[in-house]
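Q: Please take a close look at the aromatic side chains in this model. Follow how the rings pair up, and then what lies beside them.

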Amino acid sequence: MAAAGAADGDQRWLVDCLTATLDTAREVRAFAEESLCQASLQPGYGAALTKVTVNKEVPFGLRQLAAVLLKQFIKQHWEEDEDNFVPPVVSASEKVVIRQLLLTSLDDSNGKIRTAIGMAVAAIGQNDWPEDWPELLPFLLKLIGDQSNGNGVRGALRCLALLSDDLDDTCIPKLVPELFPSLYRIISSPHLYENSLRSKALGIVHSCISMLGSMSGVYKRETVNLMTSMLDPLVEQFSIILNSPVLSPNPDDWSMQMEVLKCLLQLIQNFPRLPEAKISAVLGPLWQTFVSSFKVYHLSIIQASENADNVGYDSDGSERSLESFEIQLFELWTTIVGNSMLAKVIAGNIKELAYYTISFQQITEEQV
């Protein structure tokens, strides 16, 4: 009990100190910032930051500030062999506390806090998974599979997206076989998961394909085998998603098609000798997306008869607009035409492809 009381006292001190960093008085802020700097060198500081971050009774702004400091703390004190390491290193026992607290809070009801916790988990996972943190992936997969916990699914997917972007070629072959079935379940279950979650799952598939592609030069047989095992179910879902016509310039309506285009681009660029029949199966649905998106593009951009200002940005800062969607489409068509096997497949439809390509080049009255 005494130890628990001390821990609560540390948390209260930290909350007071974080509050003081936002004070309007310069000397109060400076003293609080120096106090935090000194505290960061003491055992238990990382655990205290984590407890504030995950404590739902603490005001949101202070939790977010604690999360920012925690991410910085992990970068500086987690691993001694890192370039930006600042002593002392976090003790093994404190690491256990931090990891456990973060994992069990990935389903926080606040989206920004969920993202912050996911970033911290991913930063630790890059160093500790799988050797020092074997329970990370099973926990995330279990969280993804719990359809009754929507916040947990979102938190786990965000964390996996961050993790899959930064893992090296020793971890990806271990990650993909375990992760893919869970991602496929989300992608193929529109009756269970909303499109935003399915888009996130497709984004992780894209990251995995990209990493496998970058490994293919050294580990050619292994990566092709991994990719081939994923290909049949993926192509089936790609076809289903692309068969849905693009009906509006709103990015939320075609976000899944956008992720599929990115995945196909990586597949064809990195694995040009994958079975022709597999990739050819998705060309028909791809054409449907191309034609239906032109109708929307013509109305909203060329004729400007609809709201064309639907420009947003995803969590990685990439633009989400109808124009960026069409650019992605043309990049994919260019890659297909440049692939000797696939070019033969579309040779009979080259006139139609040229027709629509020229049609996209029309300009508005204002541009004239």
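A: **Aromatic rings and a neighbouring serine**

One aromatic cluster is formed by Trp287, Phe290, Phe294, Tyr297, Phe330, Trp333, Tyr355, Tyr356 and Phe360. The model is predicted. The count of aromatic pairs comes to 15. One of them joins Phe180 and Tyr184: the centres are 6.0 Å apart, the planes meet at 35°, and the pair is tilted. Both residues sit in helix α9 (residues 172-187). They are four residues apart there, so about one helical turn separates them. Phe180 counts as buried because its relative accessibility is 10%, under the 20% limit. Tyr184 has a relative accessible area of 23%, so this residue is partly exposed.

Next come Trp254 and Phe325. Their ring centres lie 4.9 Å apart with the planes at 40°, so this pair is also tilted. The pair links distant parts of the chain, 71 residues apart. Trp254 belongs to helix α12 (residues 251-270), and Phe325 to helix α15. Trp254 and Phe325 are both buried.

Helix α15 (residues 322-337) also holds Ser324. Ser324 is buried because its relative accessibility is 14%. Its side chain reaches the backbone oxygen of Ser321 at 2.6 Å. Beyond neighbours within four places in sequence, Ser324 is in contact with Met258 and Glu319. The C-alpha atoms of Ser324 and Gln100 are 40 Å apart, with their positions 224 residues apart along the chain.

Residues 32-108 carry the annotation "domain: Importin N-terminal" in an unreviewed UniProt entry. That stretch is 62% helix and 0% strand. Its end C-alpha atoms are 28 Å apart.

Terms used
Residues numbered from 1 in each chain as written. Predicted model: local features only at pLDDT ≥ 70, side-chain atom pairs only at ≥ 80, totals over all residues. Heavy atoms only, no water. UniProt positions renumbered as here; feature names shortened; annotations may be inferred. Helix = DSSP H or I, 4+ residues; strand = E, 2+ residues; numbered from the N terminus. Buried < 20%, exposed > 50% of the residue type's maximum accessible area, 1.4 Å probe, protein only. Contact = heavy atoms within 4.5 Å. Polar contact = N/O pair within 3.5 Å; in protein donor to acceptor, adjacent residues only side chain to side chain. Phe/Tyr/Trp six-rings, centres within 6.5 Å; stacked < 30°, edge-to-face > 60°.
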